[in-house]
Amino acid sequence: MRHLLWFRNDLRIHDNPTLKAACQPGAQVLGIYLVNHAALRAHDTASVRMDFDRRSVAVLAQQLAHHGIPLIVRSVSDDHAIAPLLATLRAQFHFDHLFVSREYGPNEQKRDMHLQQWCLQQQIRWHEYDAGCIMAPGLVLKSDGTPYQVFTPFRSRWLSLVAQNPLPDIHALEGFHQQPPLSLEPISIDGSEHSSLHALWPAGETEALLRLNQFIDQELANYHQQRDLPALPGTSRLSPYFANGSLSARLAVHYVRNISGQGAQTWVSELAWRDFFQHILYHYPRVGKHRTFQLHTEALQWSDNTENFERWCSGQTGFPLIDAAMRQLRNTGWMHNRLRMITAMFLVKDLWINWQWGERWFMQQLIDGELAANNGNWQWCASTGVDATPYFRIFNPWTQSRRFDPQGNFIRYWVPELKDIDPSALHKPPAKGSLSLRYPSPITDHDKARLHALAAFKAVSERT
Ligand SMILES: Cc1cc2nc3c(=O)[nH]c(=O)nc-3n(C[C@H](O)[C@H](O)[C@H](O)COP(=O)(O)OP(=O)(O)OC[C@H]3O[C@@H](n4cnc5c(N)ncnc54)[C@H](O)[C@@H]3O)c2cc1C
């Protein structure tokens with residue numbers, strides 16, 4: 001038996017059902033990881049995410065090597081080039097089974113449908129498993145068999161199903177050692193334009209598991225109280241590891257779900273949001289094709305003020321917390337969740353810029369950029385999505401700033417121009433004083449912008 005195992009966003013050994021299925025006793029297994037240039041472009045994948053994935057693949061290759069399993073990396077220009085590449089590999093390696101972990105984006109679903117057909121013609125058996133979600137799309141449905149569109153009942157059903165789910169198999173490769181091991185060229189990691197971030201985001205499952213344990217030991221108990229305060233290390237910062245599958249979300253939830261306390265409960269709920277948006281993408285693929293979930297909101301006429309957009313991107317809006325957040329994103333590839341919400345809502349409701357511009361910018365910057373979560377959250381903030389915030393709930397950026405960065409430590413760190421300003425003025429510097437500090441005046445008048453957004457949403461809502 002010769003098995004080809006195509007790694008995707010499941011770059012780990014622990015709790016990897018695809019790997020476990022491929023590594024049956026007696027099987028000869030070859031792992032492959034594909035860099036698909038068209039897919040990376042289509043998803044606006046950030047270079048920092050590509051760098052993180054490359055490093056994660058290199059770590060995985062070392063771990064697989066301990067079990068005698070080689071991992072090769074190949075580049076393809078687009079989806080059409082995959083079947084010819086598989087045909088070439090087959091001529092060399094003579095595999096007759098192909099193992100993959102499911103992906104739920106519309107392009108990925110279409111790609112896999114075509115490849116399954118191709119495999120059928122070639123007499124290659126296609127095996128697919130769910131490795132990305134805690135409960136895979138299609139498993140959490142209402143009693144009438146339709147998908148949930150509201151998070152709270154989804155979570156209730158999800159929690160009851162998770163409780164029935166057995167603990168994942170942590171050691172997917174225990175006892176498996178391929179003999180003789182296939183020898184192949186070692187993986188080279190080229191280009192390190194983000195090397196300054198490697199210490200912040202060390203790659204691989206061992207690092208991910210270490211982070212998970214540290215988070216459980218040190219932060220989980222207070223998570224519900226500290227998760228909204230960006231100046232504190234109150235959240236897990238595990239999102240990049242969940243995004244490329246170096247860490248199994250299923251394993252994480254099983255570790256914490258029986259820990260009592262509000263902190264653990266709240267954290268599990270966040271992981272339910274992650275599954276919820278994967279389910280939405282799967283059941284309503286239009287959201288992954290530049291469409292809104294609430295179709296009537298497509299009639300909104302957005303501003304095309306590129307100058308304002310660029311000021312938002314570069315953290316020069318004159319709203320200190322917004323600017324601090326946008327600079328955190330640009331400099332670290334990551335932004336705190338509360339700040340993602342505030343900056344997203346600001347772009348849409350204050351600057352009246354299409355949420356899709358922001359969605360794209362985030363994908364181009366984020367180390368954890370991921371279609372379902374990014375799109376779902378952007379549409380939530382923009383009030384165009386599933387179970388989204390109602391259009392009339394508009395964050396006041398000044399109030400959010402005082403509430404979630406009360407000491408101003410986060411602002412002072414990322415906006416050093418303001419570090420010596422009187423603390424009472426830090427959240428809303430006086431326009432004149434700001435200019436002398438070479439910090440811009442506010443880009444917009446929040447009260448006026450709010451009224452404009454309310455009127456525009458009201459108008460399209462009344463038309464439906
Ligand atoms: C506009 C916007 C865009 C976002 N884009 C992404 C994205 O591209 N990729 C991404 O992984 N998350 C995204 N999120 C969700 C969230 O901000 C991040 O998952 C979180 O900040 C990651 O930090 P953490 O690992 O410390 O999270 P923790 O607070 O420790 O949460 C644990 C895990 O739960 C999941 N999670 C938490 N909140 C959410 C949420 N609201 N939606 C979905 N999953 C969640 C993540 O996998 C996270 O790692 C976005 C949120 C907003 C508002």
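Me: Which loop does Asp 44 lie in, that is, between which two helices?
Reply: Keep in mind that we're looking at a predicted model here. Asp 44 has a positive phi of about 55°, although it is not a glycine. To find its place, look at the loop between α2 (37-42) and α3 (47-65).

Me: Does Asp 44 count as buried, partly exposed or exposed, and why?
Reply: Let's count neighbours: Asp 44 has 18 C-beta neighbours inside 10 Å. Buried takes 20 or more, and exposed takes 12 or fewer, so a count in between gets the middle label. That's why Asp 44 counts as partly exposed.

Me: And where does Arg 237 lie?
Reply: Arg 237 is not a glycine, yet it has a positive phi of about 55°. With 18 other C-beta atoms within 10 Å, Arg 237 is partly exposed. Its spot is the loop between α8 (223-226) and α9.

Me: Which residues come nearest to the ligand?
Reply: There are 27 residues around the ligand, so to speak its shell. By class, that shell has 13 nonpolar, 7 polar and 7 charged residues. The ones that come nearest are Thr 235, Ser 236, Asn 337, Asn 374 and Asn 377.

Me: Which elements give two or more residues to the shell around the ligand?
Reply: Start with the domains: the shell draws at least three residues from each of domain 2 (132-168 + 206-283) and domain 3 (295-462). Now go down to the elements that give two or more residues. Those are α9 (239-243), α11 (262-283), α14 (337-350) and α16 (371-381).

Me: How far apart do the C-alpha centres of domain 2 and domain 3 lie?
Reply: The protein is divided into domain 1 (2-131), domain 2 (132-168 + 206-283) and domain 3 (295-462). Take the C-alpha centres of domain 2 and domain 3, and the distance comes to 26 Å.

Me: Which element gives the most to the side of domain 2 that touches domain 3?
Reply: Here 17 residues of domain 2 are in contact with 19 residues of domain 3. On the domain 2 side, α9 and α11 are the elements that give two or more residues. By class, that side has 10 nonpolar, 4 polar and 3 charged residues. With 5 residues, the element that gives the most is α11.

Me: Are α6 and α11 roughly parallel or roughly perpendicular to each other, and why?
Reply: Helix α6 (residues 151-164) packs against α11 at an angle of about 105°, and their axes are 10 Å apart. Angles from 65 to 115 degrees count as roughly perpendicular. So the label for α6 and α11 is roughly perpendicular.

Me: What does the contact of α6 with α11 have by class?
Reply: From α6 come Phe 151, Phe 154, Arg 155 and Trp 158. They meet Ser 269, Ala 272, Trp 273, Asp 275 and Phe 276 in α11. Sorted by class, that gives 6 nonpolar, 1 polar and 2 charged residues.

Me: How many nonpolar, polar and charged residues has the contact of α13 with α17?
Reply: Helix α13 (residues 320-332) and helix α17 (residues 397-404) pack at about 70°, with axes 8 Å apart, which makes α13 roughly perpendicular to α17. Pro 320, Leu 321 and Ile 322 of α13 make the contact with Pro 397, Gln 400 and Ser 401 of α17. By class, the contact has 4 nonpolar, 2 polar and no charged residues.

Terms used
Residues are numbered from 1 along each chain as its sequence is written. This is a predicted model: local features need pLDDT of at least 70, side-chain atom pairs count only at pLDDT 80 or more; totals for chains, interfaces and linings use all residues. A residue is near a molecule or strand if its C-beta atom, placed from the backbone, lies within 6 Å of it. Helices (H or I, at least four residues) and strands (E, at least two) are DSSP runs, numbered from the N terminus. Ala, Val, Leu, Ile, Met, Phe, Trp, Tyr, Cys and Pro count as nonpolar, Asp, Glu, Lys and Arg as charged, and the others, Gly among them, as polar. Domain bounds come from an automatic or database domain assignment. Axes are lines fitted to C-alpha atoms, for helices over the stretch in contact, and angles run from 0 to 180 degrees between N-to-C directions. Angles under 35 degrees count as roughly parallel, over 145 as roughly antiparallel, 65 to 115 as roughly perpendicular and the rest as oblique. Two residues are in contact if their C-beta atoms, placed from the backbone, lie within 7 Å.
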